[in-house]
Amino acid sequence: ANGSGQIGTGSGTDHTAPQRALDLTGVTALSAKRNTTCAVSGEQLFCWGESFSSTPSAIALGVGVRDVTVGHGFICAIDTQNTARCFGANRYGQLGQ
């Protein structure tokens, strides 16, 4: 399924074979959940799919990123200073606030 563009090809077309996410190389971390995918490339966070574009979009956190995890409606990243940075839905306190 690719209804939200979570494969990162620039369209919502389903694919049965692996596809390359547009304009994204040097990936050092990757996480996907439901209809959202995020990756780290060059200490920059990129996300696509639900709530984002169907192509990788840079997410400005103001610091370098080394790891990422996508949850149900939220995203957490570990920055280069080993600090957790989370954003998105906080219905169940998942952002640590």
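Me: Is T36 buried or exposed, and what is its relative accessible area?

Reply: Good place to start, with one caution: this is a predicted model, in which local features need pLDDT of at least 70 and side-chain atom pairs count only at pLDDT 80 or more, while totals for chains, interfaces and linings use all residues. Residues are numbered from 1 along each chain as its sequence is written, and side-chain values use heavy atoms, leaving out hydrogens and water. With a 1.4 Å probe and protein chains only, buried means under 20% relative accessible area, exposed over 50%, and partly exposed in between. T36 is therefore buried, with a relative accessible area of 11%.

Me: Which residue offers its backbone oxygen to the side chain of T36?

Reply: T36 sits in strand β2, a strand being a DSSP run of E with at least two residues, numbered from the N terminus. Counting contacts as heavy atoms within 4.5 Å, and leaving aside residues up to four places away in sequence, T36 touches Q6, S31, W48, E50, F52, V70 and I75. A polar contact is a pair of N or O atoms within 3.5 Å; within protein, one must be able to donate a hydrogen and the other to accept it, and residues adjacent in sequence count only if both atoms are side-chain atoms. Here a polar atom of the T36 side chain lies 3.4 Å from the backbone oxygen of E50.

Me: Which strands stand at the edges of the sheet that holds β2, and why is one side of each left without a neighbour?

Reply: This open sheet has 4 strands in the order β1-β2-β3-β4, with antiparallel pairing; two strands pair if DSSP finds at least two bridges between them. One side of each edge strand is left without a neighbour because each has a single partner strand, and the edge strands are β1 (27–33) and β4 (57–59).

Me: Over how many bridges do β1 and β2 pair?

Reply: One bridge in this pairing joins A32 to T37 of β2. Strand β2 covers residues 36–41, and it pairs with β1 in the antiparallel sense; the number of bridges is 6.

Me: What phi does R34 take, given that it is not a glycine?

Reply: Most residues other than glycine have a negative phi. R34 lies in the loop between β1 and β2 and is exposed, at 58% relative accessibility. Its phi is positive, at about 50°.

Me: And what phi does S51 take?

Reply: S51 is found in the loop between β3 (44–49) and β4. S51 is exposed too, with a relative accessible area of 71%. Although it is not a glycine, it has a positive phi of about 75°.

Me: What is the order of the strands in the sheet of 3 strands?

Reply: Strand β5 (residues 65–70) and strand β6 (residues 74–79) pair in the antiparallel sense over 5 bridges, with V68 opposite A77. β6 also pairs with strand β7 (residues 84–88), again antiparallel and over 5 bridges; there A77 is the bridge partner of R85, and F74 that of G88. The sheet is open, and its order is β5-β6-β7.

Me: Which residue in the turn between β5 and β6 has a positive phi?

Reply: In the neighbouring topic, the hairpin of β6 and β7, there are 4 residues between the strands, and N82 takes a positive phi near 65°. The hairpin of β5 and β6 has 3 residues between its strands, and the turn residue with a positive phi, of about 90°, is G73.

Me: Which side chains meet in the salt bridge?

Reply: A salt bridge needs a side-chain nitrogen of Lys or Arg within 4 Å of a carboxyl oxygen of Asp or Glu, and a search of the whole structure finds 1. One partner is buried, with a relative accessible area of 1%, and the other is partly exposed, at 30%. At 2.8 Å from N to O, the side chains that meet are those of D79 and R85.

Me: Which strand gives the most to the largest nonpolar core?

Reply: A nonpolar core is a set of buried Ala, Val, Leu, Ile, Met, Phe, Trp, Tyr and Cys residues joined through side-chain atoms within 4.5 Å. The largest one has 11 residues: A29, C38, V40, L45, C47, I59, V65, V68, V70, I75 and A77. At least two of these residues come from each of β2, β3, β5 and β6. With 3 residues, the strand that gives the most is β5.
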